[in-house]
Amino acid sequence: MHEVVKNSYKVKIASKGDDEDLIKALKIYNDETPPEIKTETNHILHWLESNNNDDFKFLIFIIYLDNMVVGFAEIAYFRKIRTSFIDYLTFKSGYRLNAVFFPSFSLIQNLMDKNGYESDYWVTEINNKKNGEHIDKESSFLRRLLSMENFGVIEFDYFQPALGENNFESFLPAKLHIKSNATTELKELSKNTVINLVKTIYFTYYLNWYQAFMAEKEFEEYQLELEKLFAQVKEGIIKDPVSISVEQRILLTVDDSQKTAGSVPAKSVRSKVIYSFAITTSVFLLLVLVFFVYQFIYKHFGLKEESIATLLSAIITGLTTIVGIYISRKIKS
């Protein structure tokens with residue numbers, strides 16, 4: 001008889017900051033995310049708990065493999081432009097593989113649709129320092145795998161704003177990667193669509209986000225820097241033709257440490273035939289047990305047959321229910 005193996009993937013939307021699994025997911029985020037693209041975890045927890053902004057919905061996903069926390073995802077949903085912005089999508093060391101990434105990302109998309117966050121576009125910004133040749137490992141990992149999910153690169157000059165007032169390394173050239181919900185590849189976007197997208201990211205997301213953590217003067221300075229940056233990006237977009245191309249290409253990495261091929265350990269699963277045999281055997285043994293109990297009670301206690309029948313009926317019902325529940329759960333799992 002052939003052995004059966006399986007993996008079980010699961011994704012959950014976090015709702016409370018004291019969720020033990022969220023703490024595990026945040027540790028993965030902290031361990032795997034380099035400083036130049038990292039947001040402070042206390043900021044993340046603040047937005048998870050408050051999440052009272054009407055302009056965007058902040059969502060954190062906990063990713064499981066075989067009931068073990070292996071990943072963390074952070075997504076902002078912009079309802080006005082029906083766009084999901086992937087802020088972070090990272091996995092525990094040893095699970096940064098195609099076999100984990102693709103089913104997990106698929107579950108995230110399905111979960112968002114089921115919760116009413118329907119998206120025309122999925123977007124993320126990825127480090128493009130030195131034209132993407134020497135970028136951080138997290139950006140390299142995400143760029144590689146999203147390109148195989150039909151994400152294309154919007155061909156214009158974009159910059160990731162600073163992640164707060166003191167993280168100077170986080171202000172860097174980046175690329176916006178985008179895919180539509182259509183089955184066909186996205187080839188181009190109008191200039192107005194790109195301008196509106198950048199404006200939403202800068203002011204609906206970044207500006208609102210850091211307003212909660214900055215003093216008034218610092219916030220005014222940060223807002224001014226965003227306005228200057230947006231004006232610079234917008235000027236470059238306006239110089240382009242009527243539409244801006246979206247380049248579809250598989251963005252592989254030359255860094256051997258970022259290889260994503262491979263498999264994860266799988267659980268051995270007993271065949272359902274075995275459990276069917278177990279059910280039959282259990283029922284047979286149960287009947288044998290009932291017979292001997294009947295003989296014992298009748299012989300030693302002298303109870304009436306009606307009383308014995310009532311007692312045994314209750315015992316049989318209870319045992320059958322317990323055995324049935326246990327075996328059905330085993331089959332489903």
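This report describes the fold, the strand pairing, the nonpolar cores and a few individual residues of one protein chain.

**Overall picture**

The model is a predicted one. In its single listing of secondary structure, the chain comes to 8 helices and 12 strands, and buried residues make up 43% of its 333 residues. When contacts between residues at least 6 apart in sequence are considered, 73% of them join residues at least 24 apart. The accessible surface of the chain comes to about 18,400 Å², and carbon and sulfur atoms account for 55% of that area.

**Strands 2 to 5**

A run of paired strands can be followed from strand 2 through to strand 5. Strand 2, which spans residues 9-13, runs antiparallel to strand 3 and is joined to it by 5 bridges; within this pairing, valine 11 stands opposite isoleucine 63 of strand 3. Strand 3 in turn runs antiparallel to strand 4, which covers residues 68-78, and 9 bridges join the two. Isoleucine 63 appears here again, standing opposite glycine 71 in strand 4, while isoleucine 62 stands opposite phenylalanine 72 in strand 4. Strand 4 is also joined to strand 5 by 8 bridges, once more in an antiparallel arrangement, and serine 84 in strand 5 is the bridge partner of tyrosine 77.

Both of the central strands in this description are mostly covered: in strand 3, residues 57-65, 8 of the 9 residues are buried, and in strand 4 the count is 10 of 11.

The hairpin of strand 3 and strand 4 has 2 residues between the strands, and aspartate 66 takes a positive phi near 50° there. In the hairpin of strand 4 and strand 5, with 4 residues between the strands, arginine 82 takes a positive phi near 45°.

**Two loop residues with positive phi**

The table sets arginine 82 beside asparagine 150, neither of which is a glycine.

| Residue | Phi | Loop | Relative accessible area |
|---|---|---|---|
| Arginine 82 | near 45° | between strand 4 and strand 5 (83-91) | 31% |
| Asparagine 150 | about 70° | between helix 4 (137-147) and strand 7 (152-154) | 33% |

Arginine 82 is partly exposed, and asparagine 150 likewise counts as partly exposed.

**Tryptophan 122**

Tryptophan 122 is found in strand 6, residues 121-127, and is buried because its relative accessible area is 5%, where buried means under 20%. Leaving aside neighbours within four places in sequence, tryptophan 122 is in contact with Ile75, Ser84, Ile86, Phe105, Ile108, Gln109, Met112, Phe151, His177, Ile178 and Lys179. The C-alpha atoms of tryptophan 122 and arginine 82 are separated by 9.0 Å, although these residues are 40 apart along the chain.

**Nonpolar cores**

In soluble globular proteins, nonpolar side chains tend to be buried together. The largest nonpolar core of this chain has 52 residues, of which Phe58, Ile154, Phe156, Leu176, Val198 and Tyr202 touch the most other members. Helix 5, residues 191-211, supplies the largest share of this core, with 11 residues. Apart from neighbours within four places in sequence, valine 198 is in contact with Phe156, Tyr158, Leu176, Phe230 and Val233. There is also a second, separate core of 26 residues, which includes Tyr77, Leu89, Leu142 and Leu146.

**Aromatic rings**

Across the whole structure, a search finds 25 aromatic pairs. In one of these, the rings of phenylalanine 101 and phenylalanine 102 have their centres 5.4 Å apart and their planes at 85°, so the pair is edge-to-face, an angle over 60 degrees being what that description requires. Phenylalanine 101 is buried, with a relative accessible area of 0%, whereas phenylalanine 102 is partly exposed at 22%. An aromatic cluster is formed by Trp47, Phe56, Phe58, Phe78, Phe85, Tyr205, Tyr206 and Trp209.

Charged side chains also lie over aromatic rings. The charged end of lysine 10 sits over the ring of tyrosine 64, at 4.6 Å from its centre, and the charged end of arginine 96 sits over the ring of phenylalanine 141, at 4.5 Å from its centre.

Notes
Residues are numbered from 1 along each chain as its sequence is written. This is a predicted model: local features need pLDDT of at least 70, side-chain atom pairs count only at pLDDT 80 or more; totals for chains, interfaces and linings use all residues. Side-chain values use heavy atoms; hydrogens and water are left out. Buried means under 20% relative accessible area, exposed over 50%, partly exposed in between (1.4 Å probe, protein chains only). Contact means heavy atoms within 4.5 Å. Accessible areas come from the Shrake-Rupley method with a 1.4 Å probe; for residues, only the protein chains shown count as cover. Two strands pair if DSSP finds at least two bridges between them. Rings of Phe, Tyr and Trp (its six-membered ring) pair if their centres lie within 6.5 Å; planes under 30 degrees apart count as stacked, over 60 as edge-to-face and the rest as tilted. A charge sits over a ring if NZ of Lys or CZ of Arg is within 6 Å of the ring centre and within 35 degrees of the ring normal. A nonpolar core is a set of buried Ala, Val, Leu, Ile, Met, Phe, Trp, Tyr and Cys residues joined through side-chain atoms within 4.5 Å.
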